Amino acid sequence: MKDIFGKALIDYQNGNYTEDIITSTSISDEDELPLPYLFRSFSEMPKLEQQALKKCQGTILDVGCGAGSHSLYLQKKGFAVKAIDVSEGAITVTKQRGVKQAEVLNVLNETKTFDTILLLMNGTGIFQELTQVSKYLTHLKSLLKPNGQILIDSSDIKYMYLDDDGGYWQDMNASYYGELDYFLSYKGEKEVPMKWLYLDFDTLKLACETVGLKCELIGEGEHYDYLAQLEL
Ligand SMILES: C[S@@+](CC[C@H](N)C(=O)[O-])C[C@H]1O[C@@H](n2cnc3c(N)ncnc32)[C@H](O)[C@@H]1O
């Protein structure tokens, strides 16, 4: 990983915002990811994220914190929050913004336990592919205190495969339709391609059941997106 994402966050944080991150996927063309969005305040967050933040309780782990916007809000509310990310740039920025506990760490290497674990902005993306979902869920489960919860959002992206006649063009023999290759570039520099997973709610629920987690749909957005609460 070249940490292009982290470089973009550092530029924005240092007042050097001149352009946005460009993303594309194996099934979609180039799109801009506006840097200010990653520094959003509570009022600028989507309703599902606001709902997740309102549900937080006890000690909190913010997985894949990015620029730390959710952690910052929760810390200001008086919660003890730990923010982790694999991106060094993201953690530098999260610390600069005032989050006290922020660490460069892959969630699979986290060992402490928490009352609430947050995975937001398509939290299932971190699982990368369907075959890895049980591994991540089993590990996340091990990080829960008794009565703890995992709050995670994602989208059912089946709509992206609809053609003009209302039929689906995906190859049903291919891998799960939410598994995408994700490409990111910033200021002309390309990141190493990544895998990014969108999980529909039913598939997430089934995966949760196989590892002994209860999974409840607690919110639905306007565009096939949802918020789920996972408990022991
Ligand atoms: C889409 S961004 C979301 C950032 C932030 N949660 C937000 O809502 O603005 C996903 C973040 O997850 C981080 N990430 C990906 N895999 C991870 C892993 N295994 N452990 C920790 N962080 C990870 C990425 O570096 C990136 O910052």
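Student: Where is Q128 found?
Tutor: This is a predicted model: local features need pLDDT of at least 70, side-chain atom pairs count only at pLDDT 80 or more, and totals for chains, interfaces and linings use all residues. Residues are numbered from 1 along each chain as its sequence is written. Helices (H or I, at least four residues) and strands (E, at least two) are DSSP runs, numbered from the N terminus. Q128 is found in the loop between β6 (114–119) and α6 (133–142).

Student: What does Q128 count as, with 18 C-beta neighbours inside 10 Å?
Tutor: A residue is buried if 20 or more other C-beta atoms, placed from the backbone, lie within 10 Å of its own, exposed if 12 or fewer, and partly exposed in between. Q128 has 18 such neighbours, so it counts as partly exposed.

Student: What is the phi of Q128?
Tutor: Most residues other than glycine have a negative phi. Q128 is not a glycine, yet its phi is positive, about 70°.

Student: And what is the phi of Y224?
Tutor: Y224 sits in the loop between β11 (214–220) and β12 (225–231). With 16 C-beta neighbours inside 10 Å, Y224 is partly exposed. Y224 is not a glycine either, and its positive phi is about 65°.

Student: Which strands stand at the edges of the open sheet?
Tutor: Strands pair if DSSP finds at least two bridges between them. The open sheet has seven strands in the order β5-β4-β3-β6-β7-β12-β11, with mixed pairing. Two strands have a single partner each, so one side of each is left without a neighbour in the sheet: β5 (101–104) and β11.

Student: What is the average twist from one strand to the next?
Tutor: Axes are lines fitted to C-alpha atoms, for helices over the stretch in contact, and angles run from 0 to 180 degrees between N-to-C directions. From one strand to the next, the twist averages 20°.

Student: What angle does the direction of α4 make with that of β4?
Tutor: Contact puts two C-beta atoms, placed from the backbone, within 7 Å. Helix α4 (residues 69–76) packs on the sheet, touching β3 (60–63), β4 (81–85) and β6. Its direction and that of β4 make about 170°.

Student: Which residue is the bridge partner of I152 in β12?
Tutor: β7 (residues 144–155) and β12 run antiparallel, joined by seven bridges. Opposite I152 in β12 is A228.

Student: How many residues of β2 are buried?
Tutor: Strand β2 covers residues 28–33 and pairs antiparallel with β1 (residues 21–25) through four bridges. A two-residue hairpin connects β1 to β2. Strand β2 lies largely in the open, because the number of its six residues that are buried is zero.

Student: Within what arc do the buried residues of α7 fall?
Tutor: In helix α7 (residues 201–210), L204, A207 and C208 are buried. On the other side, D202, E209 and T210 are exposed. The arc is taken over directions from the helix axis to the C-beta atoms. The buried residues line one face of α7, because they fall within an arc of 100°.

Student: Which elements cover the buried residues of α7?
Tutor: Helix α7 is followed by G212, with a positive phi near 80°. The cover over its buried residues includes α6, β7, β11 and β12.

Student: Which residues come nearest to the ligand?
Tutor: A residue is near a molecule if its C-beta atom, placed from the backbone, lies within 6 Å of it. Of the 17 residues around the ligand, the nearest are G64, G66, S87, V107 and M121.
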